[in-house]
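These are my notebook entries on a single model. I set down what I looked up, entry by entry.

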Amino acid sequence: MTYAIAGGHELTVQAAEEILKTGGNAIDAAIAAFVMSWVTEPCMSSAGGGAFAMVHQKGNSPILFDFFCQTPQSKRPTEELDFVPIEVDFGDTVEIFYAGQGSTAVPGAVAGIFAMHKYGGNMPMAELVQPAIGAAKEGVTVNRFQQLDFQLLEPILRRSGKAEQLFFKEGTLVQVGDQMQMPQLADFLEILAKEGADLFYKGEVAQSIVRDYAIGGDLTLKDFSDYQVIWRKPLQLSYGNYELFTNPAPSLGGPLIAKLLQLLDGKAKSPHLASEHILKWYEALRTLEQIPRQPAYIQQLIQKEMQTRRGSTTHFNVVDGKGNAVSLTSTNGEGNGYFIDHTDIQLNNMLGEAALLPKGYHTWLPNQRLSSMMAPSMVFDTQQQLEITLGSGGAGRIATAITQVLHLLLDHQLPLAEAVQAPRVHLEKEVFNMEYGFAAYPSSQQLDRPGNAWKEQSLYFGGVHTVARHGNGWVAVGDQRRDGVARSGGG
């Protein structure tokens with residue numbers, strides 16, 4: 001059987017493919033791809049951030065590896081925090097995030113790669129990090145999407161002298177075609193593969209961070225040494241002739257996807273480019289808006305209803321030739337502007353993300369796994385055969401982006417490329433955003449709030465990289481909103 005990979009950068013996908021071709025399985029390939037994304041997508045994926053991975057070994061039910069970020073065990077007074085507002089301009093809308101050391105949660109990415117490796121990796125960790133080490137030393141050519149990402153996050157990057165070395169040339173942000181090297185990250189990865197996760201959580205790296213966070217941040221050595229990866233049973237939803245497995249509570253994205261699919265079931269099958277289709281989505285999103293954004297509550301609501309009827313992030317998917325699969329979504333938020341000494345690693349700003357803190361900034365409870373919109377997901381048929389694996393970046397837009405692709409695949413039976421590239425909608429507070437590309441749009445009289453018809457497709461609406469079954473093999477599609485890349489091969 002063929003293998004297939006879909007991800008956010010050519011080298012990320014290439015790293016996974018290289019591992020598969022040298023005898024690695026989907027878990028090995030996912031680790032190589034994830035570490036490579038720290039080099040190729042450094043503002044979206046980082047050893048200083050967190051991730052979720054849905055892992056399916058053929059013949060077994062999938063499990064969800066939660067190595068997302070954890071809140072610190074104690075809170076410094078708000079007035080003592082380095083916590084700075086940053087405006088990110090998407091062109092047709094603007095969002096506010098917070099950066100600085102006071103915005104950092106305990107990162108889980110490094111613990112995650114070792115937990116996945118212990119669970120089912122076949123190749124030595126030293127071999128899995130080699131593609132990323134090579135790219136970090138030799139340099140990565142800046143592409144269109146990287147440059148756009150750096151441009152959006154320039155106010156955060158300018159907070160750090162280290163970022164000036166990595167992402168700027170003579171004070172000017174790197175441009176498409178420039179080479180970007182991360183030699184200290186290469187050195188870090190070589191040592192990490194030998195010493196294991198303790199290097200990051202109990203050794204020099206944790207100690208360096210905590211020294212720097214003595215002023216302006218909350219992190220302590222105990223926060224790092226106590227961090228644990230959590231194995232979770234996925235949230236499962238019957239939908240027509242399919243079974244969806246997605247990220248469960250305490251994360252929010254998976255329950256929102258499941259609830260949206262329930263709201264759409266049989267109700268939105270008008271032509272997908274028509275205004276009627278948009279209105280059906282608007283009705284579903286407006287209904288969802290009335291449900292409290294509490295992951296456990298939504299999950300219980302979904303499961304109760306199932307008893308009466310059937311029913312800046314980046315992402316990649318890997319399916320190997322034996323049908324094993326990994327769907328992994330990672331994030332560093334927008335980054336907090338702080339780089340760990342001698343590593344080229346920027347830490348996250350998860351405590352500065354409004355979407356993760358619905359009750360407001362600084363309302364987080366100590367020593368808790370943060371909720372997230374990230375939702376790596378898989379769809380199986382009635383014979384328990386994997387049909388689709390997908391996920392997305394896009395902060396608060398993740399759940400609607402993934403659900404729209406699933407809806408077009410499962411309800412409209414669109415070809416994969418058409419379903420992924422089709423225009424999307426998103427309801428954000430008082431504005432209903434409609435991406436460029438629909439054949440017709442509803443009139444203002446048909447909406448009870450302002451409608452924003454975008455002038456072009458945008459990374460704002462996510463990046464739903466997807467792999468789906470095609471005959472006896474697989475087809476992969478990378479979302480062009482984020483310059484996605486896809487590869488497939490084998491016999």
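**Entry 1: Met116 and the nonpolar cores**

I began with the contacts of Met116, setting aside neighbours within four places in sequence: Met116 touches Ile27, Ala30, Ile31, Ala53, Phe65, Phe67, Gly121, Val326 and Leu328. I note here that the model is predicted. I then looked up the largest nonpolar core, which holds 94 residues. Met116 is one of the four members that touch the most other members, together with Trp38, Phe67 and Phe188. Helix H2 (residues 26-40) supplies the largest share of this core, with 12 residues. I also found a second, separate core, which has 74 residues, among them Leu264, Leu370, Val405 and Leu416. As background, I recall that nonpolar side chains tend to be buried together in soluble globular proteins.

**Entry 2: Aromatic pairs**

I next counted the aromatic pairs and obtained 23. For Phe83 and Tyr361, the ring centres are 5.7 Å apart and the planes stand at 70°, so I recorded this pair as edge-to-face. Over 60 degrees is the range for that class. Which of the two residues is buried? Phe83 is, at 16% relative accessibility, whereas Tyr361 is partly exposed at 26%.

I then took Phe150 and Phe167, a tilted pair with 5.0 Å from centre to centre and 45° between the planes. Phe150 lies in helix H6 (residues 144-152) and Phe167 in helix H8 (residues 161-167), so the pair links parts of the chain 17 residues apart. Both count as buried: Phe150 has a relative accessibility of 1%, and Phe167 has a relative accessible area of 1%. I also noted a cluster in which ring pairs link Phe188, Phe200, Tyr201, Phe224 and Tyr227. Phe188 had already appeared in my list for the largest nonpolar core.

**Entry 3: Charges over rings**

I looked up two cases of a charge over a ring. The charged end of Lys75 sits over the ring of Trp364, at 4.5 Å from the ring centre. Arg397 lies over the face of Tyr460, with 4.2 Å to the ring centre.

**Entry 4: A sheet and a helix across it**

I traced an open sheet of three strands in the order E19-E20-E21, with mixed pairing. Why does one side of E19 and of E21 lack a neighbour in the sheet? Strand E19 (425-428) and strand E21 (451-453) stand at the edges, and each has a single partner strand, so one side of each is left free of a neighbour. From one strand to the next, the twist averages 20°. E19 pairs with strand E20 (residues 431-434) in the antiparallel sense over four bridges. Within this part of the sheet, I noted that Glu428 has Val431 of E20 as its bridge partner. Helix H14 (residues 275-289) lies across E19 and E20 and runs at about 30° to E19.

**Entry 5: Backbone geometry in loops**

I closed with the backbone of three loops. The peptide bond from Ala249 to Pro250 is cis, with omega near 20°. Pro250 sits in the loop between strand E12 (242-246) and helix H13 (253-264).

His342 is not a glycine, yet its phi is positive, at about 65°. I located His342 in the loop between strand E15 (339-340) and strand E16 (345-346), and His342 is exposed, with a relative accessible area of 63%. His362 also has a positive phi, near 70°. The place of His362 is the loop between E16 and strand E17 (377-380). I recorded His362 as partly exposed, at 23% relative accessibility.

Note on methods
Residues numbered from 1 in each chain as written. Predicted model: local features only at pLDDT ≥ 70, side-chain atom pairs only at ≥ 80, totals over all residues. Heavy atoms only, no water. Pairing = 2+ DSSP bridges. Helix = DSSP H or I, 4+ residues; strand = E, 2+ residues; numbered from the N terminus. Axes fitted to C-alpha atoms, helices over the stretch in contact; angles between N-to-C directions. Contact = heavy atoms within 4.5 Å. Buried < 20%, exposed > 50% of the residue type's maximum accessible area, 1.4 Å probe, protein only. Core = buried A, V, L, I, M, F, W, Y, C linked by side-chain atoms within 4.5 Å. Phe/Tyr/Trp six-rings, centres within 6.5 Å; stacked < 30°, edge-to-face > 60°. Lys NZ or Arg CZ within 6 Å of the ring centre and 35° of its normal.
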